[in-house]
Amino acid sequence: APLHDPLRLAEDAAVTDLIAGGRLILGVGLGWREEEFAGLGVPLAERVPRMVAAIDTMRRGWRGELVPGGSRQELKVNVPVRPLPARPGGPPVWIGAMSDPAVRRAGRIADGFMATEVSPALLADHVALARHEFEASGRAGPFTISVHLPVFPWDSGDGWDLIKDYHRYIAWKYDDMEGAHGRSGTPQAPPPVTAAEEDALRESVIVGSPRQVAETIDEYRVAAGGDLVFIARLYFPGLSWDVQQRAVRLFAEQVAPAARQLAGGSGGWGSGGSGG
């Protein structure tokens with residue numbers, strides 16, 4: 001959010017909500033790559049107040065209030081957001097949060113938060129922080145807990161052996177971002193993985209039989225307090241398309257029904273990537 005003009009973000013979201021018939025959920029985050037902020041001329045140190053101001057601008061504009069526009073002080077003017085979104089007051093805003101301060105901030109100013117790279121135990125801690133801030137702020141309405149994790153259900157052999165190289169590549173690209181600053185040309189390949197690194201990678205993805213995957217997802221639902229929107233990242237760049245399609249089908253046809261059964265028919269479900 002800090003890298004976008006708040007007024008344009010508000011209007012883009014409103015248009016999307018209209019196209020979607022009032023079904024948009026707007027997810028925002030702080031950003032973290034110095035290269036991106038420097039490239040767009042936005043001070044990294046201003047990212048928190050910029051995001052808070054952006055959410056305030058969007059919500060006020062979606063309610064029909066005039067909001068500040070103009071990038072230069074001498075051109076500042078109050079303007080309306082047009083068009084207005086399909087839903088009165090606009091779409092719910094979720095904040096992607098990993099650190100304790102970010103989770104608390106989500107509880108204070110957002111309608112939900114999206115967790116990633118978390119264990120069920122850590123998710124439970126974050127949920128407690130966010131809900132405490134939500135209640136302490138005196139805000140009304142639901143507060144949604146969402147988890148976004150890589151998932152690979154497989155019903156024949158060890159699914160980890162199929163995806164480990166591709167899952168590792170994604171993780172390494174994040175590790176390599178600092179070194180890749182200003183680099184051009186052919187992307188580099190990751191160095192050989194150590195046994196300790198592989199063990200950590202294995203813990204960062206939900207992989208196993210459809211039943212095992214469903215049971216793990218249910219652990220996250222319980223940690224969230226019984227109601228969870230789970231977003232399955234089912235795409236592994238470079239993995240055979242046929243294999244990925246099969247994993248998506250297994251998730252849709254076996255994992256989701258089993259997880260809903262474990263949850264007693266409650267909970268929200270979503271799948272991301274690879275045709276999900």
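The following exchange examines how terms are applied to a predicted model.

Modeller: This is a predicted model, in which local features need pLDDT of at least 70 and side-chain atom pairs count only at pLDDT 80 or more, whereas totals for chains, interfaces and linings use all residues. Residues are numbered from 1 along each chain as its sequence is written, and side-chain values use heavy atoms, with hydrogens and water left out.

Colleague: What makes strand β6 largely enclosed by the rest of the structure?

Modeller: Buried means under 20% relative accessible area, exposed means over 50%, and partly exposed lies in between, with a 1.4 Å probe and protein chains only. In β6, residues 144-153, 8 of the 10 residues are buried, so the strand is largely enclosed. Strands are DSSP runs of E with at least two residues, helices are runs of H or I with at least four, and both are numbered from the N terminus.

Colleague: How do you know that β5 and β6 pair?

Modeller: Two strands pair if DSSP finds at least two bridges between them. Strand β5 (residues 112-115) has 4 bridges to β6, in the parallel sense, and Met114 has Ser146 of β6 as its bridge partner.

Colleague: Which sense describes the pairing of β6 with β8, and which with β7?

Modeller: β6 and β8 (residues 229-233) run parallel and are joined by 5 bridges, with Ser146 opposite Val229. β6 also pairs with β7 (residues 206-208) in the parallel sense, over 3 bridges; there, Val151 has Ile206 as its bridge partner. As for β8, 4 of its 5 residues are buried, so β8 too is largely enclosed by the rest of the structure.

Colleague: Why is the pair of Phe152 and Phe236 called edge-to-face?

Modeller: A pair of aromatic rings is described by the distance of the centres and the angle of the planes. Rings of Phe, Tyr and Trp (its six-membered ring) pair if their centres lie within 6.5 Å; planes under 30 degrees apart count as stacked, over 60 as edge-to-face and the rest as tilted. The whole structure holds 5 aromatic pairs. For Phe152 and Phe236, the centres are 5.9 Å apart and the planes stand at 90°, hence the term edge-to-face. Phe152 lies in β6 and Phe236 in the loop between β8 and α9 (241-262), 84 residues apart, and the pair thus links distant parts of the chain. Both residues are buried.

Colleague: Why is the pair of Tyr169 and Trp172 called tilted?

Modeller: The angle between these planes is 45°, which is neither under 30 nor over 60 degrees, and the centres are 6.1 Å apart. Both residues lie in helix α6 (residues 159-175), 3 residues apart, about one turn of the helix. Tyr169 has 29% relative accessibility and therefore counts as partly exposed, while Trp172, at 10%, is buried.

Colleague: What makes the charged end of Arg246 sit over the ring of Trp154?

Modeller: The rule requires NZ of Lys or CZ of Arg within 6 Å of the ring centre and within 35 degrees of the ring normal. The charged end of Arg246 sits over the Trp154 ring at 4.2 Å from its centre, and that of Arg233 sits over the Phe236 ring at 5.2 Å. Ring pairs link Trp154 with Phe152 and Phe236 into a cluster.

Colleague: Why are α6 and α7 called roughly perpendicular?

Modeller: Axes are lines fitted to C-alpha atoms, for helices over the stretch in contact, and angles run from 0 to 180 degrees between N-to-C directions. Angles under 35 degrees count as roughly parallel, over 145 as roughly antiparallel, 65 to 115 as roughly perpendicular and the rest as oblique. Helices α6 and α7 (residues 195-203) pack at about 100°, with axes 10 Å apart, and are therefore roughly perpendicular to each other.

Colleague: Why is Glu117 called exposed, and Leu84 partly exposed?

Modeller: Glu117 has 65% relative accessibility and so counts as exposed. Glu117 is in the loop between β5 and α5 (120-136) and has a positive phi of about 55° although it is not a glycine. Leu84, at 35%, is partly exposed and belongs to the loop between β3 (77-79) and β4 (93-96). Pro83 is also placed in the loop between β3 and β4, and a cis peptide bond, with omega about 0°, joins Arg82 to Pro83.
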